[in-house]
Amino acid sequence: MTTEHENKARESREPLRPDDLPLFPSEEQIAILVIGEARAKEWPRIAKALEEADGFPQIDEHVGARYWPAVAGYFHNRWNVDLYNSEARIRIAPRPLRRK
């Protein structure tokens, strides 16, 4: 199910923005924000690999979606971005995935 804003955004080609999302967006919305619309079909495979290897936020069983702030926080942490520091520190490469 798409929201009215999503439909308007697609019609006008306005990009989807994180501030437009509900706390529990659809997997399609997350995919578009994380890897872009052109690669969104790859998202199920990528999300599953991240869940299994590195503790990526899972789909909440009660809500049926991922908690967006946790998803964004996961990537900020992975790339060592400190959002509370005015001079955000970013490493050149992400930390390696943990293997089970």
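This passage describes the confidence of the model and the burial of residues in its helices.

The structure is a predicted model, in which the pLDDT averages 83 over the protein and 70% of the residues score at least 70. Confidence varies among the elements of the protein: helix α1, which comprises residues 4-12, has the lowest mean pLDDT, at 59, whereas α2 has the highest, at 96.

Helix α2 spans residues 27-35, and within this helix the residues Q29, I30, A31, I32 and I35 are buried. The residue that follows α2 is G36, for which the backbone angle phi is positive, with a value near 95°.

Helix α3 is formed by the 12 residues 43-54, and the distance from its first C-alpha to its last is 16 Å, which is close to the 16 Å expected at 1.5 Å a residue. In α3, the residues W43, I46, A47, L50, A53 and D54 are buried. When the helix is viewed down its axis, these buried residues fall within an arc of 150°, and they therefore line one face of α3. On the other side of the helix, by contrast, P44 and R45 are exposed. The buried residues of α3 are covered by parts of the structure that include α2 and also α4, which consists of residues 68-78. Just after α3, G55 adopts a positive phi of about 70°. A glycine with positive phi is thus found after α2, at G36, and likewise just after α3, at G55.

Methods. Residues are numbered from 1 along each chain as its sequence is written. This is a predicted model: local features need pLDDT of at least 70, side-chain atom pairs count only at pLDDT 80 or more; totals for chains, interfaces and linings use all residues. Side-chain values use heavy atoms; hydrogens and water are left out. Buried means under 20% relative accessible area, exposed over 50%, partly exposed in between (1.4 Å probe, protein chains only). Helices (H or I, at least four residues) and strands (E, at least two) are DSSP runs, numbered from the N terminus. The expected span of a helix is 1.5 Å times one less than its number of residues. The arc is that of the directions from the helix axis to the C-beta atoms. Contact means heavy atoms within 4.5 Å. pLDDT is the predictor's confidence in each residue, from 0 to 100.
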